[in-house]
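I opened a notebook page for this model and wrote down what I looked up, one topic at a time.

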Amino acid sequence: MKILYINNDGGGFANYINVSDNLTVGELFNSRVGEGKEHNYLIRVNRQPSAADQRLQDGDRVSITPIKIEGAV
């Protein structure tokens, strides 16, 4: 299935990506950003905050935005 993935970390980018069926938000985060840093990001699906165990569906819009910026006080 295809989703729109928006990564606002660093320079940021948005692109359609193919993911496996029944993929969860947490699994997508771990594959794209890395494990153990979820508390530093706001993760939304279709503009709504989401839980890690939420299953993605075809056409979903997923954004991952850091809530802390490195170097900021």
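Which residue of strand 2 does Lys-2 stand opposite? I looked this up before anything else and found Asn-18 facing Lys-2 from strand 2. The two strands concerned, strand 1 and strand 2, run antiparallel and are joined by six bridges. I note here that the model is a predicted one.

**Overall make-up.** I then went through the elements and listed one helix and five strands, which follow one another from the N terminus as β-β-α-β-β-β. The protein has 73 residues, of which 32% count as buried, and its accessible surface comes to about 4,900 Å², with 45% of that belonging to carbon and sulfur atoms. For the contacts between residues at least 6 apart in sequence, I noted that 50% join residues at least 24 apart.

**The sheet.** I traced the five strands through an open sheet and wrote down their order as 2-1-5-3-4, with mixed pairing. Strand 2 and strand 4 (48-49) stand at the edges with a single partner strand each, so one side of each has no neighbour in the sheet.

**Helix 1.** I next asked which residues of helix 1 (residues 25-32) are buried, and the entries are Val-25, Gly-26, Leu-28 and Phe-29. Looking down the axis of helix 1, I find these buried residues within an arc of 160 degrees, so they line one face of the helix. Their cover includes strand 1 (2-7), strand 2 (13-18), strand 3 (41-45) and strand 5 (61-66). Helix 1 lies across these four strands, strand 1, strand 2, strand 3 and strand 5, and runs at about 130 degrees to strand 3. Just after helix 1, I recorded a positive phi of about 130 degrees at Gly-34.

**Aromatic pairs.** How many aromatic pairs does the structure hold? I count two. In one of them, Tyr-5 and Phe-13 have ring centres 5.7 Å apart and planes at 70 degrees; planes over 60 degrees apart count as edge-to-face, so this pair is edge-to-face. Tyr-5 is buried at a relative accessible area of 1%, whereas Phe-13, with 44%, is partly exposed. Phe-29 and Tyr-41 also form an edge-to-face pair, at 5.3 Å centre to centre and with 70 degrees between the planes. Because Phe-29 lies in helix 1 and Tyr-41 in strand 3, this pair ties together parts that are twelve residues apart in sequence. Both Phe-29 and Tyr-41 are buried.

**Ser-63.** I placed Ser-63 in strand 5 and then asked whether Ser-63 is buried or exposed. Its relative accessible area is 10%, and the cut-off for buried is under 20%, so Ser-63 counts as buried. With neighbours within four places in sequence left aside, the contacts I listed for Ser-63 are Ile-6, Asn-8, Leu-42, Ile-43 and Arg-44.

**The loop between strand 3 and strand 4.** Where are Asn-46 and Arg-47 found? I located Asn-46 in the loop between strand 3 and strand 4, and Arg-47 is found in that loop too. Asn-46 has a phi near 55 degrees, which is a positive value in a residue other than glycine, and Arg-47, not a glycine either, has a positive phi of about 70 degrees. As for accessibility, I entered Asn-46 as partly exposed at 39% and Arg-47 as exposed at 60%.

Notes: Residues numbered from 1 in each chain as written. Predicted model: local features only at pLDDT ≥ 70, side-chain atom pairs only at ≥ 80, totals over all residues. Heavy atoms only, no water. Buried < 20%, exposed > 50% of the residue type's maximum accessible area, 1.4 Å probe, protein only. Contact = heavy atoms within 4.5 Å. Areas by Shrake-Rupley, 256 points an atom, 1.4 Å probe, with all protein chains shown as cover. Arc of directions from axis to C-beta. Pairing = 2+ DSSP bridges. Axes fitted to C-alpha atoms, helices over the stretch in contact; angles between N-to-C directions. Phe/Tyr/Trp six-rings, centres within 6.5 Å; stacked < 30°, edge-to-face > 60°.
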